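Me: I would like a close look at one part of this model, taken slowly and set against the protein as a whole. Please choose a single residue and build the picture outwards from there.

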Amino acid sequence: MSEATTYLEQYRRENPLGTQPVMKLLVQFSIPAIISCLINSIYNIVDQIFIGQGVGYLGNAATTVAFPIMTILMAFGTLIGAGSSAYAAIRLGEGNEEEANRSLNNAFWFSLLVGIALMIVGILFLRPLLRLFGAADPEIMRYAYDYTFVILLGTPFNLVSIVLSNLARTDGHPRLSMYGILIGAILNTILDPIYIFVFHWGVTGAAIATITSQLISAVVLTVYFLRPAKNKPQHMRITRQESRLRGRLIYRFVTLGISSGITQSVACIMQVVMNNSLVYYGDLSPTGGSVALSAMGIVMKIAMIMAAFGIGVGIGAQPILGFNRGAQQYGRIRQTYLLAVSFSTGLILISWMICQLWPQAIISIFGDANAEFTNFAVRCLRIYLFCIFCAGFQIVSTNYFQATGQPLKASVLSMLRQLLLLIPLLVILPIFFGLDGILYAGPIADFSSAVIVAFFIIPEMKKLSAAARAEQERKTAQPAQS
């Protein structure tokens with residue numbers, strides 16, 4: 001056995017991603033990620049409550065108009081963060097710590113530069129963008145401009161926190177990623193009522209609270225990567241020596257992360273199409289466009305909370321999949337994927353059953369003074385989310401292809417449900433079924449995309465099984481030869 005091979009085997013034995021039981025690792029990495037996703041989802045609901053109470057419906061309308069811009073910023077952060085994390089995990093699995101470290105440094109500086117560029121472009125074209133996303137009313141434009149201008153000032157911090165949060169998991173510290181997001185969310189929740197109700201800063205205060213929280217999260221995560229880790233065999237660090245940007249390296253991890261960026265971008269497009277369809281066909285029905293829009297808005301927030309389970313498990317599985325892909329431990333890759341699918345599907349299935357059994361109680365949390373609103377919201381919850389239990393399988397499968405260095409498949413699957421299926425269904429079905437067609441579009445898109453994903457993943461699992469058997473045969477043959 002060569003010296004390089006001996007070193008690589010020793011390196012893999014030292015890293016828990018390649019040695020510890022897969023179930024233990026998946027729980028260890030997924031639970032903090034699930035908590036982080038849930039915190040973000042729940043925070044969005046709480047934030048809207050504060051703005052609604054302190055500013056009124058115009059404040060909520062302004063944040064709704066600003067939401068597509070925030071989604072675009074999130075898309076860039078996820079693109080860089082998920083891609084650099086996947087690339088670093090694969091390089092760590094190969095024993096190439098130097099290249100993994102370069103990935104961290106390039107992702108850090110690249111996210112800063114992209115954040116500054118997005119901030120400048122966003123501020124320069126802010127009014128036209130807000131008009132494009134629906135700020136036709138002068139009052140809404142005023143609130144939206146004040147809110148979004150401040151949000152854009154925090155773009156560099158936002159991107160850095162998203163990117164380093166992903167890389168912290170790959171570096172074997174999933175709890176730090178959770179703590180960074182948790183600290184920011186708690187601080188935001190505390191500052192929101194202070195700035196809105198005490199200082200009377202309105203939507204500007206809410207935006208200041210948001211960027212303050214993003215700054216704190218970015219600082220916590222940056223400090224971790226600046227310091228050497230104690231009692232840790234491998235630890236990526238931000239260093240001055242690796243501060244030079246490398247175009248080829250950036251291209252590689254951006255290619256891996258493009259599926260995550262596409263997912264965020266497509267969600268923005270889907271929301272615009274859905275909102276317009278709800279208003280148009282709602283006004284043609286006894287329900288009314290405003291009631292349909294409000295009810296579906298709540299259902300989409302509930303769906304976001306349910307999807308957080310699948311996204312959290314998918315994020316938690318990524319570093320395990322990526323490391324073992326680099327280490328060529330195919331049996332562990334297959335085991336990780338199957339456990340992740342089972343875990344995410346089980347969690348979403350439980351929440352789906354609660355929604356199907358007690359929809360009235362869930363909707364009443366958001367208010368039930370209007371009977372028409374409550375009745376339609378219950379129908380939305382039951383019909384639109386009828387097949388959402390398929391989401392765990394779809395999300396984990398997309399993350400699998402991303403984590404194992406297959407960006408084309410990951411990109412296709414990330415666009416599948418929303419861009420290739422849901423948006424056309426939202427346009428076509430209401431022509432024949434009216435407002436109900438929008439509700440039917442959800443389960444049809446969920447089930448159809450799950451079937452298509454299966455055609456991608458089944459051959460992949462067969463390949464992994466064959467590779468795992470070959471791997472086991474080599475290990476069995478080595479002692480006999482020696």
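Reply: The residue chosen here is Ile190, which lies in helix 8, the element that spans residues 174–198. The coordinates belong to a predicted model, and what follows describes that model alone. Ile190 counts as partly exposed because its relative accessibility is 47%, a value that falls between the 20% limit for buried residues and the 50% limit for exposed ones. On the surface, Ile190 belongs to a nonpolar patch whose other members are Ile186, Ile194, Phe197, Val198, Phe199 and Trp201, and together the residues of this patch have about 620 Å² of accessible area.

The setting of this patch is a protein with 17 helices and zero strands. Of its 482 residues, 54% are buried, while the surface that the protein exposes comes to about 21,100 Å², with carbon and sulfur atoms supplying 66% of that area. Among contacts with a separation of 6 or more, 81% join residues that stand 24 or more positions apart in the chain.

As for confidence, the mean pLDDT of the protein is 81, and 87% of its residues reach 70 or more. Among the elements, helix 4 (residues 97–124) has the highest mean pLDDT, at 91, whereas helix 1 (residues 3–14) has the lowest, at 51. Within helix 1, the pLDDT is below 50 over residues 3–7, a stretch that has three contacts in the model beyond near neighbours in sequence.

Key:
Residues numbered from 1 in each chain as written. Predicted model: local features only at pLDDT ≥ 70, side-chain atom pairs only at ≥ 80, totals over all residues. Heavy atoms only, no water. Patch = residues over 30% accessible without salt bridge, like charges linked within 9 Å, V, L, I, M, F, W, Y side chains within 5 Å. Areas by Shrake-Rupley, 256 points an atom, 1.4 Å probe, with all protein chains shown as cover. Salt bridge = Lys/Arg side-chain N within 4 Å of Asp/Glu carboxyl O. Helix = DSSP H or I, 4+ residues; strand = E, 2+ residues; numbered from the N terminus. Buried < 20%, exposed > 50% of the residue type's maximum accessible area, 1.4 Å probe, protein only. Contact = heavy atoms within 4.5 Å. pLDDT = per-residue confidence, 0-100.
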